[in-house]
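Hi everyone, thanks for making time this morning. I'd like to walk you through one model, so please have the viewer open and follow along.

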Amino acid sequence: MIDPKMVRTDPDRIRRSQAARGESVELVDELVSADARRRELIASSEALRAEQKELSRQVPKASADQRPALLARTRELAAQVKDAAAAAEEAKARFDALLLRLGNLVIEDVPRGGEDDLFVLETHGTPRDFAAEGFTPRDHLELGELLGAIDMERGAKVSGSRFYFLTGQGAELELALLNLAMAKASAWGFTPMIVPSLVKPEAMAGTGFLGQAAEDVYRLERDDLYLVGTSEVALAAYHAGEILDAATLPRHYVGWSSCFRREAGAHGKDTRGIFRVHWFDKAEMFVYCAPEEAEAEHARLLEFEKDFITALEIPFQVLDVASGDLGSSAARKYDCYGWLPTQERYREITSTSNCTEFQARRLDIRLRDADGVRPLATLNGTLCAMTRTIIMILENHQQADGSVRIPAALRPFLGGREFLTPVA
RNA sequence: GGAGGCGUCGCCUAGUCAGGUCUAUGGCGCCCGCCUGCUAAGCGGGUUUGGGGGUUGACCCCAUCGCGGGUUCAAAUCCCGCCGCCUCCGCCA
């Protein structure tokens, strides 16, 4: 949510943001008039209520002959108050509903464009030349089956398409990645958190996942709960309704949870293996900070992601995601795309968003400092999405014989082993 | 899932049965001042939170007794729904 005051003070800024997102600009004009009406009705309702309250205080003091007239007058006022309050409530609800339809304010120097416009900021590492090494790389599923690490067939048998089992070395690899991620995050000052995968509607709406992304979300209708697509949801809602002392900011959390995605709009896309699945596990970084710190914290999250990918020795690029592809909550987003040898291109493995005050306003999370109470900023960033990371490790570090070299940083978490080896 | 108890402005607490000087009591803690070789004690004053206006920190208005509705001129108090905590039973990992 944007600052409601901005509707009055700087509607043009909102218009520019809407245009950058490729979304409705007329909505801003509706908001401006709804705001004026809301303020007017609230003021008159409050004035009436004050008058009524004062009169009803006089009732017990009134003499017996004054009382009937006084009661009649207050009764009449009470009816007016009821009407005025209802009108004010309605105007307020209309304004709020309009406000919730707005995406976050896009930071002004975010590159303009849509999903297909890739703005590459950096390239790190060099893809291997498999031809020079004298063999054709196997894709992650082929490797996963050789290693006895991934079982898609039984995933489909048990749960349906886009489900899998990680078995043997595959399960060990995920646990090692988790331990490496948590060890690094702890060293960086993050508090490890294991968070619920099921959340209430407020948590989902507050993080912005019930807007345009609602199609991709699993819902348990019987219990009115949602399955999260990322632990960001639980980590953001963790402090919902709270006021945090500015001295305790920034707060860094790293959450671990399963993530569930319907992949509703992805029929036929990335159907092979575990690249695009309905469920995976993820270690996610999350930051609460003062709004003026948000861009610096965002840069820091990106550095942590780069550190992790570099430690896994995966060639990658950093992208500044275009304004039309941000998702409703982000004011800016950086993605890291890792090299996928069998597709001979870079594919997304991490994503970090600066949500500025968008989620904090919806979830009513504020900070208190010497200047008073105000909304804070939230940011999130993937530390390790297991399935994609496993794909990158298998494909990039594979050997001609189907074994996979384990990056040095990961070895301590795999009993010092240097290779994952094919099973008989 | 069943039965019962509880939820008041940092903590504890009065008030709820019998709606109105509750504009919420008292204690602890905390802040300021007085007294004082110093400290403590004592004495006096202040102290819910949030929103809005708005002075630049002397102010005014609104809301706030777990949350949301309802009844009423008037709700901490009565009615309904919900949430959370505790105890017991059942079930379960």
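I'll start with conventions, then go through the helices, the sheets, the RNA surface and two backbone details.

First, how to read this: it is a predicted model, local features need pLDDT of at least 70, side-chain atom pairs count only at pLDDT 80 or more, and totals for chains, interfaces and linings use all residues. Residues are numbered from 1 along each chain as its sequence is written, while chains are lettered from A and ligands numbered from 1 in the order in which they are written. When I say helix or strand, I mean a DSSP run, numbered from the N terminus: H or I with at least four residues for helices, E with at least two for strands.

Let's begin with the helix pair H3 and H4. Helix H3 covers residues 26-58 and helix H4 covers residues 67-100; their axes are 7 Å apart and make an angle of about 155°. Axes here are lines fitted to C-alpha atoms, for helices over the stretch in contact, with angles running from 0 to 180 degrees between N-to-C directions. So H3 is roughly antiparallel to H4. For that wording, over 145 degrees counts as roughly antiparallel, under 35 as roughly parallel, 65 to 115 as roughly perpendicular, and the rest as oblique. The crossing of H3 past H4 is left-handed, which is the label when the near helix is turned anticlockwise from the far one by less than a right angle, with clockwise giving right-handed. In this contact there are 19 nonpolar, seven polar and nine charged residues. The classes are simple: Ala, Val, Leu, Ile, Met, Phe, Trp, Tyr, Cys and Pro are nonpolar, Asp, Glu, Lys and Arg are charged, and the others, Gly among them, are polar.

H3 has another partner, helix H2 (residues 11-21), at an angle of about 150° and with axes 9 Å apart. H2 and H3 are therefore roughly antiparallel to each other, and their crossing is right-handed. On the H2 side we have Pro-11, Ile-14, Arg-15 and Gln-18, meeting Leu-27, Val-28 and Val-32 of H3. Contact means that the C-beta atoms, placed from the backbone, lie within 7 Å.

Which elements give two or more residues to the surface near RNA strand B? They are H3 and H4, and H3 gives the most, with six residues. Near means that a residue's C-beta atom, placed from the backbone, lies within 6 Å of the strand. There are 15 residues around RNA strand B, and Ala-50, Ser-56, Val-59, Thr-74 and Ala-78 come nearest. By class, that surface has seven nonpolar, three polar and five charged residues.

Now rotate to the eight-stranded sheet. This open sheet runs in the order E1-E11-E12-E13-E16-E10-E9-E4, with mixed pairing; two strands pair if DSSP finds at least two bridges between them. At the edges stand E1 (120-124) and E4 (191-194), each with a single partner strand, so one side of each has no neighbour in the sheet. Neighbouring strands are turned by 25° against each other on average, direction ignored. Within the sheet, E9 (residues 251-260) and E10 (residues 279-289) pair in the antiparallel sense over ten bridges, and Phe-260 has Trp-279 of E10 as its bridge partner.

Two helices lie on this sheet. Helix H8 (residues 169-187) lies across E4, E9, E10 and E16, at about 5° to E10. Helix H11 (residues 294-311) touches E1, E10, E11, E12, E13 and E16, and its direction makes about 5° with that of E16.

There is also a three-stranded open sheet, ordered E8-E14-E15, with mixed pairing. Its edge strands are E8 and E15 (372-375), each pairing on one side only. E14 (residues 366-369) pairs with E15 in the antiparallel sense over four bridges, with Asp-369 opposite Gly-372.

To finish, two backbone details to look up. Most residues other than glycine have a negative phi, and most peptide bonds are trans. A cis peptide bond joins Leu-249 and Pro-250, with omega about -5°, and Pro-250 sits in the loop between E8 and E9. Glu-313, in the loop between H11 and E11, has a positive phi of about 60° although it is not a glycine.
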